[in-house]
Amino acid sequence: MFSTRSRRRLAAVAAAVLAAPLLWFATSGISQAAAAVPAKDWLHVQGNQILDEAGNPVWLTGANWFGFNAGERVFHGLWSANLTEVTRSMADRGINLVRVPISTQLLLEWKAGQAAVPSGVNTYANPELTGKTTLEVFDAFLALCERYGMKVLLDVHSAEADNSGHVYPVWYKGSVTPELFYQAWEWVAQRYRTNDTLVAMDVKNEPHGRPGESPRAKWDSSTDVDNFKNTCQTAGRRILAINPDVLILCEGVEVYPKDGVSWSSTDGKTYDNVWWGANLRGVRDHPVDLGANQDQLVYSPHDYGPLVYEQPWFAKPFDKASLTADVWTPNWLYVHDSNTAPLLVGEWGGRLGQDARQDRWMTALRDLIVEKRLHQTFWVLNPNSGDTGGLLLDDWKTWDEQKYALLKPALWQYGGRFVSLDHQVPLGGAGSSTGISLAARYGGGVEPSTSPSTSVPPSGACGATYTQTSAWSGGFQGEVTIRNTGTTPGRAWTATWTFPAGTSVASLWNGVLSSTGTAVTVRNVAHNGTLGAGAGTSFGFVGSGPAVTPAITCALS
C-alpha cells in the first residue's frame, strides 16, 4: 500500500505529465514510462540513492564555501572577489551543489529582522551588492545559483557567529538554546519553502566530544539534550512539517561506546573514536526516524587526512582497501552498503604535494566516492582554510589545477559535460559549453555532440548503448542503456561483453554482475527487469584499468 506521501509524489508526477509539453524516457531503471520533465527540482531518497521527482538517480557533487558562519557574517573572499564571477566559475567547473556553512546566531538575527550591511564586502569589486544586508547577499547568491543551474545545501556550522565556533562540540551555547536552534531552522524552512534552489539542510556540523568531556554529543534513543540523534530527528521533523520536500542531512558524532558499554563510561578505551561528526555507528541500533518523511533522510560523515590530524590509522601502512575495512565501513560506509540511506560526504579535502600519506588518503577517498557514487561536497573553495587550503588560490580567482584535477572525477559528468541538478538550466547557465541540464541527462534535451557513445546492433528485441561518462588515470565510469526494440514486453534482460586484459569492473549499480576472467555478464535487478515495447533502463559501472568501449550485446526474455 502506498503512503500518503507516495500518493502525493505520484500525483505530482502525473500532473506534470499532463502539463508539460516535453516528453522523455527515464532511463534510471525506476520509471520506464514516458514522463514529463519535472517542473520542480526537489529530491527524495530511495534506499541508498537520491532521486529527482521523476524517480531518476542524481549525483550531488560539489564544494563548500564558508564565511556566513564566521564573524564577517558573509562569504569570505567578497573582500576582493566578485560574487557573480566566483559562483559562475564553480558552475563552469562542475560544482552542482554548494554547501554553505552558517551560524544559528545569524539565522536568529535574520529572523528578528536584524540583518546588517556587512563590512566584509568590497563594493568596488561587487557594485551589485552595494547597500545589501547579509540576508540580501545570501538571497543574491541563491538567485545566481538558480541562474547557473546549481543547488544549495545550508549547514548550521556553529551556534555563534565565530570563525572558530565549530570547535564547540554541541549545537547550543550561551543565549542560543536548543529551542532557539530549532526555531532558527523552522524560520529557514518557512522563508524558502517554495525555493527549490535550497534543496537540503545539514542540521548541525560536526557534533563531537570525548568521554568525560562536558558538554559532548552522544547518539542513542534518549531525549537527553546532548543526544544528537534525537536533535537531528526533532529538527528534521519540524523542518519537514513546513517543507516536506527538502533533504535532511544528519551527521554523526565523534565517539560511540563499544558493545556492553554505556555512555556514562569515562574510559576512552571503551569507545570507538573517529573524526568529529563521522561516527555513525549508532545508526545501526538507533536510526533517525523522520516519520512520514523518512524518504528525505541523508546521513553525512566527514573525513580528513593526516595533515589535519594524525589519526592512529595513518601511523601504519594504509591504502584504500585498509581504510575501507578499518575506518570507513565500520563508522559510516555500512549505511550505504546496507541500502539503509544515502551518504553525502560533507567535508573531505586538504593540501596536495606536502605529504605522500595525505595524497594517498585523498586519492583513496576520491576513488571510493566515485566507485560507490557517494554524494559529496569538497572542503573547500576558500584559500584561507588554514589546514586544508582551497580550490581557489589566494587571489580568489585562480583555481588550484592540481587539486581540481584530483576532484574532477568525483563531479557528475555525462558525455563529457557536467550535469546540473536543475531540470531546465544546464550547469553553467544558458548557453553553457561545459554543462547540461538534468532533463538533457535523462533524454529531455539534446545530448552533447561530444558524447563518446556507440550503438550495438540489437540481439533479438534488445538494443544496448554504451556511454563513457568520465575517465581518470587508472579508471573510468560507464553507463549502459538497455532498450526493448521489439513490439512485445520483456520480463528480464541480460547484457554481455568482453574486456581486454587489464580492464575489469570494479563496481556496478542497477544490475547484478557476474564475470569470468575478462567476460562480463550483467542481469537486471528486481525493479528494472520488465521493459515494455520501446522502454529502456540503464545500469552504470566503474571500470578499473585503461578506458575502453566494450561491444555489448543484450537479450530479453
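**Disulfides and cores in a predicted model**

User: Is cysteine 250 buried or exposed in this structure?

Analyst: This is a predicted model, so the answer is computed from its atoms. The relative accessible area of cysteine 250 is 0%. The cut-off for buried is under 20%. Cysteine 250 is therefore buried.

User: How many disulfides does the structure hold?

Analyst: One disulfide joins cysteine 232 to cysteine 250. Another joins cysteine 462 to cysteine 554. The number of disulfides in the structure is two.

User: Where in the chain do cysteine 232 and cysteine 250 sit, and how many residues apart are they?

Analyst: A disulfide joins this pair, with an S to S distance of 2.0 Å. Cysteine 232 belongs to helix H6 (residues 228–240), while cysteine 250 belongs to strand E10 (residues 247–250). The pair links distant parts of the chain, with a separation of 18 residues.

User: What is the relative accessible area of cysteine 232?

Analyst: Cysteine 232 is bonded to cysteine 250. Cysteine 232 counts as buried. Its relative accessible area is 0%.

User: Which parts does the link of cysteine 462 and cysteine 554 tie together, and how many residues apart are they?

Analyst: The two sulfur atoms of this disulfide are 2.0 Å apart. Cysteine 462 lies in strand E20 (residues 462–472), and cysteine 554 lies in strand E27 (residues 553–556). So the bond ties together parts whose separation in sequence is 92 residues.

User: What relative accessibility does cysteine 554 have?

Analyst: Its partner, cysteine 462, is buried at 0%. Cysteine 554 counts as buried too. Its relative accessibility is 4%.

User: What is the pairing when the bonded cysteines are numbered in sequence order?

Analyst: Cysteine 232 pairs with cysteine 250. Cysteine 462 pairs with cysteine 554. In sequence order, the pairing reads 1-2, 3-4.

User: Which helix gives the most to the largest nonpolar core?

Analyst: The largest nonpolar core has 137 residues. Among those with the most contacts inside it are Trp65, Phe68 and Phe141. One helix, residues 134–148, gives nine residues, the most to this core: helix H4.

User: How many residues does the second, separate core have?

Analyst: Phe68 is one of the residues with the most contacts inside the largest core. Beyond four places in sequence, the contacts of phenylalanine 68 include Val100, Trp110 and Phe138. The second core is separate and includes Trp497, Val522, Leu531 and Cys554. The number of residues in this second core is 20.

How values were computed
Residues are numbered from 1 along each chain as its sequence is written. This is a predicted model: local features need pLDDT of at least 70, side-chain atom pairs count only at pLDDT 80 or more; totals for chains, interfaces and linings use all residues. Side-chain values use heavy atoms; hydrogens and water are left out. A nonpolar core is a set of buried Ala, Val, Leu, Ile, Met, Phe, Trp, Tyr and Cys residues joined through side-chain atoms within 4.5 Å. Buried means under 20% relative accessible area, exposed over 50%, partly exposed in between (1.4 Å probe, protein chains only). Helices (H or I, at least four residues) and strands (E, at least two) are DSSP runs, numbered from the N terminus. Contact means heavy atoms within 4.5 Å. A disulfide is a pair of cysteine sulfur atoms within 2.5 Å.
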